[in-house]
Amino acid sequence: MTTSPATEIATPQCPVCTTVQTQAPESNGTLSCSNCGHVFAGRRVESNEFFESEDYLAWRASNSKFLLSEAHHRVGFFRHVTKNLVPKQVLEFGCATGEALDEFRRDGSNCLGLDLSHGLIGLARKLHPDIQFEVALNP
């Protein structure tokens with residue numbers, strides 16, 4: 001018996017704020033949280049196939065303004081919680097194309113981004129050449 005690389009989640013929840021999502025996923029399978037705006041896969045991904053797909057990589061590349069806004073929101077939340085602490089080093093797991101890390105880098109932080117997707121890391125390196133990005137191995 002083979003399993004599908006991605007299965008729909010019955011009641012998807014935002015991994016950031018845990019709000020249950022009721023809207024339909026975008027054509028590329030992503031959901032945008034109705035509460036905090038975080039974009040996430042609207043299905044359980046059991047392989048990296050979804051994040052390596054041409055549709056997903058094209059969506060990331062064509063939505064840079066939205067993704068920068070989302071990153072600004074996430075970094076702003078971090079600054080609020082830490083009372084504007086500027087970390088010397090930032091390590092982000094699941095960095096995608098590195099928008100949040102770029103915000104930290106502009107504040108003077110040394111940044112390292114890790115992601116399972118070769119395609120996303122390649123795009124991140126092109127967009128943010130001053131940041132170190134590495135492909136993380138999936139056990």
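These legends cover close-up views of helix α5, a three-strand sheet and helix α4 in a predicted model. Residues are numbered from 1 along each chain as its sequence is written, and side-chain values use heavy atoms, without hydrogens or water. Local features need pLDDT of at least 70, side-chain atom pairs count only at pLDDT 80 or more, and totals for chains, interfaces and linings use all residues.

**View A. The two sides of helix α5 (residues 118-127).** Helices (H or I, at least four residues) and strands (E, at least two) are DSSP runs, numbered from the N terminus. Leu120, Ile121, Leu123 and Ala124 are buried (under 20% relative accessible area, 1.4 Å probe, protein chains only). They cover an arc of only 160 degrees around the axis, taken from the directions to the C-beta atoms, so they sit on the same side of α5. His118 and Lys126, on the other side, are exposed (over 50%).

**View B. Packing and capping of α5.** The buried residues pack against α1 (49-52), α2 (54-62), β6 (110-115) and β7 (132-135); contact means heavy atoms within 4.5 Å. Ser117 caps the N-terminal end. A side-chain oxygen of Ser117 lies 3.3 Å from the backbone nitrogen of Gly119.

**View C. The open sheet β5-β6-β7.** The 3 strands pair in parallel; pairing takes at least two DSSP bridges. β5 (89-93) and β7 stand at the edges with a single partner strand each, so one side of each lacks a neighbour in the sheet. Between β6 and β7 there are 4 bridges. Asp115 stands opposite Val135 in β7.

**View D. Helix α4 (residues 99-106) across the sheet strands.** α4 lies across β5, β6 and β7. The helix runs at about 170 degrees to β6; axes are lines fitted to C-alpha atoms, for helices over the stretch in contact, and angles run from 0 to 180 degrees between N-to-C directions.

Note on methods
A polar contact is a pair of N or O atoms within 3.5 Å; within protein, one must be able to donate a hydrogen and the other to accept it, and residues adjacent in sequence count only if both atoms are side-chain atoms.
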